[in-house]
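Thanks for coming. I will go through one sheet and the helices beside it, so please keep the picture in view.

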Amino acid sequence: MRKYGIVDTTFSRIDMGSIAYKIIKNEDEDCEIVRYTVPGIKDIPVAAKKLIEEGCDGIITLGWVGKTALDKYSYLASSIGIIIVQILTSKHIIDVTVHEDEADDEEKLKEIAIDRTIKHAKNLVKLVKEGKNALTKYAGKGLRQGYRDAGEID
Ligand SMILES: Cc1nc2c(=O)[nH]c(=O)nc-2n(C[C@H](O)[C@H](O)[C@H](O)CO)c1C
């Protein structure tokens, strides 16, 4: 049975973990899902590593970055940590992050968070179920998460 990990934060202003849970369960009915909630993005890498050590085949992380420079540095640190965990474990960790300055109003931010979570949860399931060529038919299509697709340039 495939096992997925969801790492989310209490810093986030949208419960993206619950959205990811529903989508993963819908896309891979027989799977097991483990959720691990941490305070903030810098706590994500170790949580993801622990879930992989517990047997997860792939992870989705759901972070929220504030507007200040310090928040952005925190994201950079977290992102590097997540990449290091991927390299050390050879497992995909799909890093879903919403940056609070992506939109001025809360409704738009919510829309971005939901769309990004749904699309990347589906990407994760495809990669875990089908492996390296799961997304090849979409290569070069200008797909976007959180926004409308940019589309392919002919
Ligand atoms: C400055 C800062 N910014 C963010 C952020 O934008 N998003 C987030 O999720 N967490 C932030 N944190 C908290 C750290 O990631 C971490 O939770 C604490 O340093 C405790 O380890 C901090 C400290």
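Which residue in strand 2 does K3 stand opposite? The residue is E32. Keep in mind that this is a predicted model.

That pair belongs to the contact between strand 1, residues 3-9, and strand 2, which run parallel and are joined by 7 bridges. As background, strands of a sheet pair through backbone hydrogen bonds, either parallel or antiparallel.

Now the whole sheet. It is open and has 4 strands in the order 2-1-3-4, with parallel pairing. Strand 2 (32-38) and strand 4 (92-99) are at the edges with a single partner strand each, so one side of each has no neighbour in the sheet. On average, neighbouring strands are turned by 15 degrees against each other, direction ignored.

Next, strand 3. Its pairing with strand 1 is parallel, over 5 bridges, and V7 stands opposite T61 there. With strand 4 it pairs in the parallel sense over 8 bridges, and V65 stands opposite H99. From strand 3 the chain passes through helix 3 to strand 4, a right-handed β-α-β crossover.

How many of the 8 residues of strand 3 are buried? The count is 8 of the 8, so the strand is largely enclosed by the rest of the structure. G58, I60, L62 and W64 point one way, while I59, T61, G63 and V65 point the other way. In a regular strand, side chains alternate between the two faces of the sheet.

Last, helix 3, residues 69-89. This helix packs on the sheet, touching strand 3 and strand 4, and its direction makes about 170 degrees with that of strand 4.

Methods:
Residues are numbered from 1 along each chain as its sequence is written. This is a predicted model: local features need pLDDT of at least 70, side-chain atom pairs count only at pLDDT 80 or more; totals for chains, interfaces and linings use all residues. Side-chain values use heavy atoms; hydrogens and water are left out. Two strands pair if DSSP finds at least two bridges between them. Helices (H or I, at least four residues) and strands (E, at least two) are DSSP runs, numbered from the N terminus. Axes are lines fitted to C-alpha atoms, for helices over the stretch in contact, and angles run from 0 to 180 degrees between N-to-C directions. Contact means heavy atoms within 4.5 Å. Buried means under 20% relative accessible area, exposed over 50%, partly exposed in between (1.4 Å probe, protein chains only). A crossover is right-handed if, with the strands pointing away from the viewer, the path from the first strand over the helix to the second runs clockwise.
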